[in-house]
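I set aside some time today to look up a few buried positions, a helix pair and the nonpolar cores, and I wrote down what I found as I went.

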Amino acid sequence: LSDSALIEIGSTLAGTRTRVDLPVTMGLNGQPLALSAHVLRGVTPGPVVALLSTLHGNEWFSIFAMRRLVESLDPQRLRGTVIVVPVANPPAFGRLTRNMPDPSDSPDLNRVFPGQWTWTSDLIAATLTDHVLRQATCLLDFHVGPWGHADCDILIGDDLPPEVAAESERLALAFGSPIVRRSNVVSSFPGPRSAIGYAGNVLGIPSLGVEIGGAGFAPELERAWIQSTVDGVLAVFGALEMIENPPDPRPVRQLVYRNAHRVNPRVGGWLHSRYGGDRLGQPVTAGTLLGAVHSPYTDEIIEELRAPVDGLLYYVSRNYPVHPGGWAFGIAASDGDARWVENPSRQTPAEEDHR
Amino acid sequence: MTTTTSDATTLTIGGTTIEPGVRRDVVIPVLTDLDGSEIALHVHVVNGVRPGPRLAVVTVLHGGEWAAAEIGYSMLKRTDPSALAGALVVLPIANPIAFASGTRNIVDESDSPDLNRSFGGHEDWLADQLGRAVSDHILANVDAVIDFHSGLWGAAMGSVTCGRDYSDPRIAQLSYEMARAFGRRQVRRSDLATKFPGPKSMVGYAGQVCGIPGMISEIGGCGFGDEQEAQWLEENVAGVTGVMRHLGMLAGAPEVAEEIVVFERVHRVNPTCGGMLEPIFPVSGLMRDIAEKGQLLGRVWSPYTLEVIEELRAPVRGLVDMVSRPYPVRPGDWAYLMVDLDSSGTRVLGGDELP
């Protein structure tokens, strides 16, 4: 990082916290559309970590953790710089929808990086790319459950340049999530057009998709997920030697896996969940009944949702209405493509072993 | 169009005759929508072995208040036709169109987006047609109605309401007696016939136009955790059971509070700007704890600047009839509702008194 690079994001001084508006465009309502970025610039040069939240407008749960991080981080005790964009997609967030509510070819902001066209999503992606990602040496992009379902994994690119993939995995493990997914973010859908796919493949920086928690659950669960997110980010800062005495939220062992199985309904209805928020990260065996979809009109069971493989639950849901394909359950397969990473600083694993 | 006839113990609804002692599900076609879907009302009837009143339980007139549907299904499971006098008529999803879009109102370009403001409508908008179907097939066949409005993501309410301004004062009295039998320590008496939205809400229309007593329960909310939500469900089920006992449909007497706070006005304490709502007043204090005038109920902070941009304070001394969890709110969105304990319209009545 050069000092001049950060000048572009605002006139920030070393050891300070600054908010910068990044203009994007003018909306049909006559109002400017801008992104609000919080720049926490440490007293000494170092890594530049970008935190993007709410690229999908209904995944607002991470905003709570962003606020806590911005308020609690002390730039006077920071090496490097942290750039936080709490709401990366204001138009979608304003309507609490995942995607941009416009009739464009680019409704999903997280499928259009670096922003090639002039649709609103592309303009936002281009703004984020030019002002944030190109200055960053590491990206954490937060995608957490909207109302009704919750997640607990870190997504990293499996098909990034090897050194980028390796550093991404190192940081993902440091984050402390019990589950780390290696996915083809470049060669598979949506190609290198997601934020982490683009940042990892084109910009060559380690990139993590952070998916911890969701909204609509018991207050104590949600508080724990927010705390896990804050601790995980601080642990990443620690792994990058940006702060001293970071937390070590790593569990006894972490599953690094490749094969994710979505267990989502094929019909619309009322999901009756057997594995709610308190079961996140827990093991299930193939055939386990995870939940059932009831007709809201007759209360009859119209679909059963069962685990297709052995593995860990990397996303779960509470009782709520679902559309066909709506989020219900996700299994991180503990198969031959998966491996466990032990944390030597913790106790030896418990007797239950799902390797 | 009225297609229903009935005698003392045999109920015909939607062209289907239900004999005494029988459960029956009836599908009443309403309209064909643009996407080709056939919109229908799915009605569940438990016809008792003995003559008696017919009570309708209607939920999800507003599509976003879907959690209330569970109340109707719970009542169906717990109601034994051999122990029932009269009939229980449950309409779990009164607004399938808004329910499918997860929105309070029907998303169309009509004059009648809100089904619960469209009763008695003579046009052919979607909501008008649904309202007519409910009127013709449900209200025309029952002696009393309970309408549930609860289960909105993020906010929870805690009271019951009945109309006080019907042309026939007997209907107002019968409605109060139903609300009292629901078992709460507070009852709101509201101008459902003469003030907004006029007799165009279902209960207002039932009381003013159909001459049927009715009440509204708004107890509960969604996104507060399984335990809390299960408690609200049980409170609603106990309330319906109390009303059925009061009407003589079930054996036993309802549990009526010794003293009931009867109130007329509520004060909405909702944000004037959009942001993240940070509740201060606890969920546990819903309709239980008194907030003093000026007491801080919650704050709204900007998801962009992360600064507090609005404080929500109690405008009066009173009970808090709506509480919220942390969630993003648009201007005017649901946050808090206050019952003014010092208002001339607020009185404490004995459980055996009538207003």
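The entries below follow the order in which I looked things up in this predicted model.

**Entry 1: a histidine in chain A**

I began with H38(A), which I found in strand β2 of chain A, a strand that runs over residues 32–41. Is H38(A) buried or exposed? I noted a relative accessible area of 4% for H38(A), and because buried means under 20%, H38(A) counts as buried. I then looked for polar partners of its side chain and found the backbone oxygen of Y304(B) at 2.7 Å from a polar atom of the H38(A) side chain. Setting aside residues up to four places away in sequence, I listed what H38(A) touches: from chain A these are T18(A), R19(A), V70(A), V82(A), I83(A), V84(A) and P86(A), and from chain B they are Y304(B), T305(B) and L306(B).

**Entry 2: a histidine in chain B**

I turned next to H149(B), which sits in the loop that links β7 (144–148) to β8 (155–157) in chain B. H149(B) is also in the buried class, with a relative accessible area of 8%. Which side chain makes a polar contact with that of H149(B)? I found D147(B), at 2.6 Å. Apart from neighbours within four places in sequence, the contacts of H149(B) are L61(B), H62(B), E65(B), N116(B), I216(B), S217(B) and E218(B). I also checked G63(B), which is 86 residues away along the chain, and the C-alpha atoms of G63(B) and H149(B) are 9.9 Å apart.

**Entry 3: a helix pair in chain B**

I looked at how helix α4 (residues 169–181) and helix α6 (residues 226–246) of chain B meet, and their axes come within 7 Å and cross at roughly 130 degrees. The pair α4(B) and α6(B) is therefore oblique. On the α4(B) side the contact is made by E177(B), M178(B) and A181(B), and on the α6(B) side by G239(B), G242(B), V243(B) and H246(B). I sorted the residues of this contact into three nonpolar, three polar and one charged.

**Entry 4: the nonpolar cores**

Last, I looked up the largest nonpolar core, which has 148 residues, and the residues with the most contacts inside it are L51(A), L140(A), F237(A), L55(B) and V240(B). Which helix gives the most to this core? Helix α7 (residues 219–239) of chain A does, with seven residues. For F237(A), leaving out neighbours within four places in sequence, I noted contacts with V49(A), L51(A), L73(A), V82(A), M242(A) and I243(A). A second, separate core has 43 residues, among them A56(B), A87(B), I138(B) and A193(B).

How values were computed. Residues numbered from 1 in each chain as written. Chains lettered and ligands numbered in written order. Predicted model: local features only at pLDDT ≥ 70, side-chain atom pairs only at ≥ 80, totals over all residues. Heavy atoms only, no water. Helix = DSSP H or I, 4+ residues; strand = E, 2+ residues; numbered from the N terminus. Buried < 20%, exposed > 50% of the residue type's maximum accessible area, 1.4 Å probe, protein only. Contact = heavy atoms within 4.5 Å. Polar contact = N/O pair within 3.5 Å; in protein donor to acceptor, adjacent residues only side chain to side chain. Axes fitted to C-alpha atoms, helices over the stretch in contact; angles between N-to-C directions. Parallel < 35°, antiparallel > 145°, perpendicular 65-115°, else oblique. Nonpolar A, V, L, I, M, F, W, Y, C, P; charged D, E, K, R; others polar. Core = buried A, V, L, I, M, F, W, Y, C linked by side-chain atoms within 4.5 Å.
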